[in-house]
Amino acid sequence: MTIKKSRLRKIKRFLSVLLLLAMFLGAGLLPPTFAHVTAENSSLQKSSYAQSLLEQGSKFYEAERFAEAATSWQHGISAFKANGDELRLAIALGNLSLAYQQLGRWSDAETAIAQSLNLLQTAQDTDTKERSQILAQVLDIKGRLQLAQSKAEDALDTWQVSLDIYTKIGDKRAAIQNQINQAQALQTLGFYRQAEKTLRESTQILQSQPNSPVKVAALHSLGNVVQVTGDLETSRQILQQSLEIASSLQDQEAIADILLSLGNTARVQQDTQTAIKFYQQTIKTATSPTTRIQAQANQLRLLLKTDQMKTDQMSAFQTLSSQIKTQLKDLPLSRTAISARINFAQSLMQFRKKTAADTPSWLDIAQLLATAIEQAKSLQDKRTQSYALGVLGQVYEQTQQWSDAQNLTQQALLIAQDIDAKDIGYQWQWQLGRLLKTKGDTKGAVAAYTEAVNNLQALRSDLVAVNSAVKFSFREVVEPVYRELVDLLLQSPGNQVSSENLEKASNTIELLQIAELENFFRNNCLNAQILNPKKDPKAAIIYPFILPDRLEVILQLPQQRWLHYSTAVVEKEVESTLAQLQENLPKPHTLRQVQSLSQKVYKWLIQPAEAALAESNTPTLVFVLDGWLRNIPMAALYDGKQYLVEKFNIALTPSLQLIEPKTSEKEFKAIAAGLSEASSGFSALPNVKLELEQIRSQVPSSILLNQEFTSKTLQNRINSLSFPIVHLATHGQFSSKAEETFIVAWNERIYVKKLNELVRTLEQNRPEAIELLILSACQTAAGDEQAALGIAGVAFQAGARSTIASLWNLDDESTAVLMSQFYQELANKNLTKAEVLRRAQLALLQNPKYKRPRFWAPYVLLGNWL
């Protein structure tokens with residue numbers, strides 16, 4: 001629960017107050033249309049004493065002296081009651097509710113806002129437009145109260161009512177502020193894309209208007225939302241623009257808030273030094289202790305990111321910890337303050353585990369969390385209470401006090417379920433599963449883990465829209481839930497796992513693959529899952545899965561026959577072997593090392609199933625690969641005499657739930673684009689010209705070479721005619737990060753997230769128009785264990801049913817030879833795509849010039865293999 005403001009500080013803490021008082025006090029925050037409401041023409045100007053109390057309360061509120069602000073407004077309320085000034089009384093009650101919210105006096109805040117609204121609903125004898133204006137503003141305050149109480153849906157409804165009023169009376173500026181509030185509620189509910197749309201509409205209107213706090217807030221909120229949805233560079237640019245405007249307005253607190261957001265964005269970009277610089281600037285600039293402690297806590301987390309903390313880092317951590325601990329007790333009570341306390345406790349836990357230090361004591365950490373629980377109860381904030389209870393359960397888990405840990409975890413889970421908070425509920429189900437596993441209750445543990453996975457599946461779009469480094473880390477708190485469930489399902493005395501558990505485990509592996517892809521895109525892009533995919537009676541599905549102490553393999557043979565085997569090999573050895581094999585495969589003089597390493601992998605994955613595969617007479621193997629295995633071409637696995645491609649057709653799929661295998665009746669025509677000349681800092685590929693010419697000789701083709709190959713010309717060509725095949729012979733890189741996955745066009749890179757824009761018209765007009773996408777000169781990013789995830793990313797973003805991609809790039813005529821053979825075989829309608837690729841690879845393997853795996857092995861088929 002890394003500290004990140006889930007809501008903006010509503011422009012400034014006092015903005016809503018000023019909005020209410022502007023028409024009477026001349027604060028200048030309302031549009032010119034209302035500037036005429038003055039003492040001369042308004043019956044509201046009755047008491048200079050009451051007026052001065054409102055002004056005094058506003059000044060106290062600006063200075064964050066909320067109790068004194070409340071006292072001033074209470075006196076003002078008494079004066080307005082005596083005068084019978086109901087509209088001014090309604091304003092004072094609305095402002096009093098704001099002060100009570102800041103003080104954590106939620107019940108009093110509710111009473112004040114209810115009284116204000118009651119007055120406005122009965123005040124029929126005043127100017128309708130004035131009453132409507134005040135009613136809308138009081139409703140805005142009510143929405144703010146509801147959002148602070150975790151009632152985001154109610155807040156959204158309330159703000160919609162006030163927006164309707166602003167629209168009716170023509171108050172555009174107030175309507176924009178209202179939309180910013182609505183965007184905050186949408187973020188709280190997890191609807192980040194809708195929040196982004198709402199904010200972009202508001203900022204577009206504001207761009208042509210003078211600089212103002214509203215403009216700062218809109219841009220700041222938009223920058224935060226864009227950060228969450230994954231466009232980090234755009235987020236940084238928007239936040240910088242917001243910072244420049246805030247600086248011109250000399251708005252110190254807004255500046256501090258934006259600097260904190262910039263630090264968070266830099267942190268997600270793994271730009272640690274820049275993030276620290278922004279956090280330190282935040283600490284120096286902030287006038288709010290809450291903002292200051294957020295920056296300190298996030299800086300503290302950065303110190304924990306290194307694998308081994310050095311002496312100076314440990315010293316810096318302890319110094320910063322001491323500062324945070326001192327300031328915690330001075331924070332005004334709020335959800336943000338409680339979150340700071342919980343986050344601080346988690347950092348201390350992580351520090352203890354990382355350094356094996358004896359300090360701080362577990363008792364001190366538990367006390368921090370116990371205080372957080374009591375504070376959350378006092379705010380009636382069930383969500384934060386659940387989180388604090390669950391984290392306290394983690395403390396007891398660390399100290400092996402299993403019963404207490406389970407009791408706290410179950411309390412946290414019950415509260416999360418009561419408020420339908422799946423995003424934290426799954427964490428307590430996962431935690432409960434771990435505790436039950438430790439106690440030897442495997443059945444109970446499997447049930448808890450299964451519920452955790454079910455919650456993750458229900459969350460899906462909300463989950464992947466949350467920024468991985470600011471809100472949570474996918475690799476730390478999502479992926480392990482799936483992995484540990486598979487581990488549990490495959491544990492059985494004598495290794496006799498039931499067919500039911502094997503099916504559940506394989507399904508969980510596929511769900512993890514889908515979750516990884518959605519995390520790759522940072523959105524729920526794979527929502528068209530096939531619930532009951534058809535089976536290919538001639539294919540066996542292989543699920544290798546890397547666990548800390550062993551390598552598991554589940555094999556589904558035709559006719560739903562299951563096979564399961566495992567090898568006792570630790571994860572580090574598996575990864576080391578695969579990394580060495582990946583490194584040696586593209587090299588020219590490493591055949592002996594390649595065969596030795598690939599034979600080792602063959603023994604793990606295939607050898608135990610040789611007899612079953614021979615008996616089933618299965619011609620095709622379809623792999624659902626895990627981790628480092630994705631970077632290795634399965635075709636190159638070696639049994640000592642033959643490569644796997646010599647015995648089987650081979651294909652990959654991230655999940656059978658994503659693409660159903662089926663044959664195509666389409667007449668093949670191709671768009672073939674490529675670069676033979678150097679471009680965008682990438683070297684020339686002289687053999688590309690030959691490759692494209694040979695494609696044209698095999699199938700009807702539209703060619704784009706060098707300067708002709710731009711994203712715009714490719715898009716125009718794709719959308720002008722039906723081309724089932726898109727062949728791109730150009731540099732490119734596959735990475736586990738979408739922002740580092742791209743293909744190279746002339747003088748530009750086409751990043752994976754832009755591919756859907758490239759083919760969007762095509763997808764809308766002719767679904768599944770790309771039957772086959774071929775990327776013949778790309779490569780996986782070095783040192784990235786999940787780099788081949790980028791291949792699936794490109795495939796699904798382009799809407800291709802089948803994709804053939806190269807794991808490494810050889811600028812060699814062998815590529816042209818292989819592709820020529822591939823298109824020649826593709827003309828045979830009786831062959832599956834997997835068989836077509838195999839025949840093309842065998843043509844090279846049987847050629848003495850190209851028999852080494854470096855020439856024929858890099859090409860993998862992903863998706864539909866029929």
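Helix α10 (residues 213-228) and helix α12 (residues 252-268) make a good starting point in this predicted model. Their axes come within 11 Å and cross at roughly 15 degrees, which makes α10 roughly parallel to α12. The crossing of α10 past α12 is left-handed. From α10, the residues V216, H220, N224 and Q227 take part, and they meet A254, D257, I258, S261, N264 and T265 of α12. Sorted by class, the contact of α10 with α12 holds three nonpolar, six polar and one charged residues.

Now for the other partner of α10. With helix α11 (residues 232-248), α10 packs at an angle of about 160 degrees, the axes being 8 Å apart. An angle over 145 degrees counts as roughly antiparallel, so α10 is roughly antiparallel to α11. Here too α10 makes a left-handed crossing. On the α10 side the contact is built from K215, V216, L219, H220, L222, G223, N224, V226 and Q227, while α11 brings L232, T234, S235, I238, L239, Q241, S242, I245 and A246. The classes in the contact of α10 with α11 are nine nonpolar, eight polar and one charged residues. If you follow single residues, V216, H220, N224 and Q227 of α10 are listed in the contact with α12, and V216, H220, N224 and Q227 also appear in the contact with α11.

A further helix pair can be viewed in the same way. Helix α16 (residues 335-355) packs with helix α18 (residues 382-398) at about 15 degrees, and their axes are 10 Å apart. That angle makes α16 roughly parallel to α18, and the crossing of the two is left-handed. The residues R335, I338, I342, Q346, M349 and K353 in α16 meet R383, T384, Y387, A388, V391, Q394, V395 and Q398 in α18. The contact of α16 with α18 divides into seven nonpolar, four polar and three charged residues.

Stepping back to the whole chain, the protein has 36 helices and 15 strands. Of its 866 residues, 60% count as buried. Among contacts between residues at least 6 apart in sequence, 70% join residues at least 24 apart.

The largest nonpolar core has 201 residues, and those with the most contacts inside it are L605, I606, F623, M634, F822 and W865. Take F822 as an example: leaving aside neighbours within four places in sequence, F822 is in contact with L772, I774, I804, V836, L837 and A840. Apart from this core lies another, of 41 residues, which includes Y61, F66, A136 and Y166.

Several loop residues are worth a visit as well. The table gives their places and relative accessible areas.

| Residue | Loop | Relative accessible area |
|---|---|---|
| G627 | between β4 (620-623) and β5 (649-652) | 6%, buried |
| S680 | between β6 (670-674) and α29 (688-698) | 29%, partly exposed |
| N706 | between β7 (701-705) and α30 (711-720) | 5%, buried |
| A788 | between β13 (778-780) and α33 (789-798) | 9%, buried |

Let us look at the backbone of S680 and N706. Phi of S680 is near 55 degrees, a positive value in a residue other than glycine. N706 has a positive phi of about 55 degrees, although N706 is not a glycine. As for their surroundings, S680 is partly exposed, whereas N706 is buried.

G627 and A788 invite a look at distances along the chain and in space. G627 and A787 are 160 residues apart in sequence, and their C-alpha atoms are 9.1 Å apart. A788, for its part, is 47 residues from T741 in sequence, with 9.9 Å between the C-alpha atoms. Which residues touch A788, leaving aside its neighbours within four places in sequence? A788 is in contact with R630, N631, T780 and L807. Buried means under 20% relative accessible area, so A788, at 9%, counts as buried.

Methods:
Residues are numbered from 1 along each chain as its sequence is written. This is a predicted model: local features need pLDDT of at least 70, side-chain atom pairs count only at pLDDT 80 or more; totals for chains, interfaces and linings use all residues. Side-chain values use heavy atoms; hydrogens and water are left out. Axes are lines fitted to C-alpha atoms, for helices over the stretch in contact, and angles run from 0 to 180 degrees between N-to-C directions. Helices (H or I, at least four residues) and strands (E, at least two) are DSSP runs, numbered from the N terminus. Angles under 35 degrees count as roughly parallel, over 145 as roughly antiparallel, 65 to 115 as roughly perpendicular and the rest as oblique. A crossing is left-handed if the near helix is turned anticlockwise from the far one by less than a right angle, and right-handed if clockwise. Contact means heavy atoms within 4.5 Å. Ala, Val, Leu, Ile, Met, Phe, Trp, Tyr, Cys and Pro count as nonpolar, Asp, Glu, Lys and Arg as charged, and the others, Gly among them, as polar. A nonpolar core is a set of buried Ala, Val, Leu, Ile, Met, Phe, Trp, Tyr and Cys residues joined through side-chain atoms within 4.5 Å. Buried means under 20% relative accessible area, exposed over 50%, partly exposed in between (1.4 Å probe, protein chains only).
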